Amino acid sequence: MKKFNNQNYYEILEVKQDVSYKEIEDAYKRAKETYSGESLATYSLFTAEECREILDAVEDAYKILSFSKTREEYNKRLAAGLSVENLASSHIEVPAKTVQPIVAESWKEIVPENKETLQFAPATIKTDVEIPKAVQTFKEIESFEGVEFKGSILRIIRERRGISLNLVAEKTKININYLENIEAEKYHQLPAEVFLKSYLSQYARFLGLDAKKVVEDYMRFYEKR
Amino acid sequence: MSFESGDNGNGKGSFNGQIWAIGGGKGGTGKSLITSNLGICLSKTGRDVLLVDADLGGANLHSCLGTSFPNVTLSDFIRKRVPSIKDVTINTGIPHLSLISGAEDYLEVANTNYAQKMRLLKQLTYVESEYILLDLGAGTSFNTLDFFLIADSGIIVVTPEPTSIENAYRFIKSVFYRRLKRIVNNQGIREIIAEVMDRKNELGIKTPIELISHIEVIDKAIGQRFKEEVFKFKPNLIINSVRTRGDINIGFSIKSTCLKYFGINMSYVGYVEYDESIWQAVRRRRPFLLEYPNSRPAKCLERITKNIIMNKELEEEFIL
């Protein structure tokens, strides 16, 4: 138990060290809600200035713990009792953030990454598009520049992240048959365009991809069917 | 909580049940309503439950249960008008559920000390219930605080309103400092604790967490002891009358704020939805859990009861 500015990042986010990225995400959202507005819960114990301090600490913690690369480095330092003060600024390159950078990372932990699937998936799927290096290299921060998101690519990305289709269906509430058909590019067995676009967009967001780009790319293939 | 075997006149007296105390500072947050319905939830599982109205001066637990104003109350026992605690125990008409009503503010007047309160609690255990639920009523009197601290589970009921939350913090703060004060004899440290209760103290100590760090510097052993106490102290939090998802989230925010401010890790065990059915049941002086067993608030309460028993917290996926 320490004053909040002496706490480690896990303590600041009020989570255990072994939590999933999803839990880090939840903890961050709750902390933001608690300390950034005019929450009924804080004003009588903390001043606005103190809330801002907490919030700054929360932001710092989130920045490091929400990416596997920086989080692993942080854990190492924590275990070794090293200084973690200037971790963000000098020792680790913090990946640039996109609109929803965390979502994909978050789900990694839910289903443990399976080596077999990782090796298996890219080999069996025939694609016209070369799989970008970033997707091939496990644990690297992904970049999808030049990738055209067709069904098979979406499936590879999903499997890379160790996410089952069931989980996607459960979380997005999209019928699993549609998801299967989207990935299998069974264009004639998909719902009406307006629904398809909405599903694609949800699915893309779930994977942490640029939803607009995914819809555009996918619909291009769809129209050529 | 277990008490040693004692003599209650019948030769029985060991208790291995649980004492739950329901408090929370402000009046009108639904403490009695929640106490009575938690009691019913527990009794439905076939366990014997004793409800005790420790809301002295504002006793109304009997109304929540639909029983008429009792002829005998806790005061009769304390004033020795009746020989046994069982003589003031009323049958509520609900299976496995009995009640001791408290109508007069005898405890307050007599300013009972800690030992006397412990003795009273021990007497309560002679009723042979598996659960004893104490409805503490509003305020932060020493009686309220001590009963809260003695209980196996302290439960704080808050409504999502500024005044209720402020009072809940005041209550937690009072309980917290009372607990710390009880474990030190060192007058110097007691004075520091008293001073820190005022936020504008000269020591510049703003939060209880800072207080403990400060005391650790002065006396490492006491500082350590405080830390252990804080760690062990895990009150349960219930948010009553929620109407929105935001109201539910206030529970998480209160939990976080208490952790950051006091270092106390509360258990957010659940919330009770606002519902017209509760109001209707209250008017009819019937417990809503019996009147509307399938209503959403009833389900909320069942989950809360389960969480307290299982030592669990509200989980995101169970939010209705």
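Let's start at a turn in chain B of this predicted model: strands E3(B) and E4(B) form a hairpin with five residues between them, and B:Gly93 in that turn has a positive phi of about 85°. The two strands run antiparallel and are joined by three bridges. One place to see the pairing is B:Thr89, which stands opposite B:Ile100 in E4(B).

Stay on E4(B) for a moment. B:Leu97 and B:Leu99 point one way from this strand, while B:Ser98 and B:Ile100 point the other way. Both sets are buried. That fits a simple rule: in a regular strand the side chains alternate between the two faces of the sheet.

From E4(B) we can step across to E2(B), which runs parallel to E4(B) and is joined to it by four bridges. Here B:Leu50 has B:Ser98 as its bridge partner in E4(B). B:Leu50 also stands opposite B:Ile132 in E5(B), so to speak a hinge for our tour. Strands E2(B) and E5(B) pair in the parallel sense over five bridges.

E5(B) has another parallel partner, strand E1 (residues 18-23) of chain B, again through five bridges. In that pairing, B:Ile19 stands opposite B:Ile132 in E5(B). What about the surroundings of E5(B): how many of the five residues of this strand are buried? Five of the five are, so strand E5 (residues 131-135) of chain B is largely enclosed by the rest of the structure. B:Tyr131, B:Leu133 and B:Asp135 point one way from E5(B), and B:Ile132 and B:Leu134 point the other way.

Now zoom out to the sheet. These strands belong to an open sheet of eight strands in chain B, with the order E3-E4-E2-E5-E1-E6-E7-E8 and mixed pairing. Which strands stand at the edges? They are strand E3 (89-91) and strand E8 (267-273) of chain B, each with a single partner strand, so one side of each is left without a neighbour in the sheet. Neighbouring strands of this sheet are turned by 25° against each other on average, direction ignored.

Further along the order, strand E6 (residues 153-158) of chain B runs parallel to strand E7 (residues 236-242) of chain B, with four bridges joining them. B:Val157 stands opposite B:Ile238 in E7(B). A helix packs on this sheet too: helix H1 (residues 31-44) of chain B touches E1, E2, E4, E5, E6, E7 and E8 of chain B. The direction of helix H1 of chain B makes about 170° with that of E5(B).

Chain A is another story. Its secondary structure comes to 13 helices and zero strands. Of the 225 residues of chain A, 29% count as buried. Among contacts in chain A with a separation of 6 or more, 59% are between residues 24 or more positions apart.

For a look at how two of these helices meet, find helix H9 (residues 151-160) and helix H11 (residues 176-184) of chain A. Their axes come within 6 Å and cross at roughly 115°. H9(A) and H11(A) are therefore roughly perpendicular to each other. On the H9(A) side the contact is made by A:Gly151, A:Ser152, A:Leu154 and A:Arg155, and on the H11(A) side by A:Ile182, A:Glu183 and A:Ala184. By type, the residues of this contact divide into three nonpolar, two polar and two charged.

How do the two chains meet? 17 residues of chain A are in contact with 23 residues of chain B. Helix H2 (residues 21-36) of chain A gives the most to the side of chain A that touches chain B, with five residues. That side of chain A divides into eight nonpolar, four polar and five charged residues.

Next, the interior. In soluble globular proteins, nonpolar side chains tend to be buried together. The largest nonpolar core here has 110 residues, and A:Leu13, A:Val58, B:Ala21, B:Leu133, B:Leu134 and B:Ile238 touch the most other members. Helix H7 (residues 162-182) of chain B supplies the largest share of this core, eight residues. Take A:Val58 as an example: not counting residues up to four places away in sequence, A:Val58 touches A:Ile12, A:Leu13, A:Tyr28, A:Ala31 and A:Tyr35. Apart from this core lies another, of 22 residues, among them A:Phe149, A:Leu179, A:Tyr203 and A:Leu207.

Our last stop is B:Asn186, in the loop between H7 and helix H8 (187-196) of chain B. Is B:Asn186 buried or exposed? B:Asn186 is exposed, with 12 other C-beta atoms within 10 Å. Leaving aside neighbours within four places in sequence, B:Asn186 is in contact with B:Asp219 and B:Ile222. B:Asn186 and B:Ile222 are 36 residues apart in sequence and 9.4 Å apart in space, C-alpha to C-alpha.

Key:
Residues numbered from 1 in each chain as written. Chains lettered and ligands numbered in written order. Predicted model: local features only at pLDDT ≥ 70, side-chain atom pairs only at ≥ 80, totals over all residues. Contact = placed C-beta atoms within 7 Å. Nonpolar A, V, L, I, M, F, W, Y, C, P; charged D, E, K, R; others polar. Buried ≥ 20, exposed ≤ 12 C-beta atoms within 10 Å, placed from the backbone. Pairing = 2+ DSSP bridges. Axes fitted to C-alpha atoms, helices over the stretch in contact; angles between N-to-C directions. Parallel < 35°, antiparallel > 145°, perpendicular 65-115°, else oblique. Core = buried A, V, L, I, M, F, W, Y, C linked by C-beta atoms within 7 Å.
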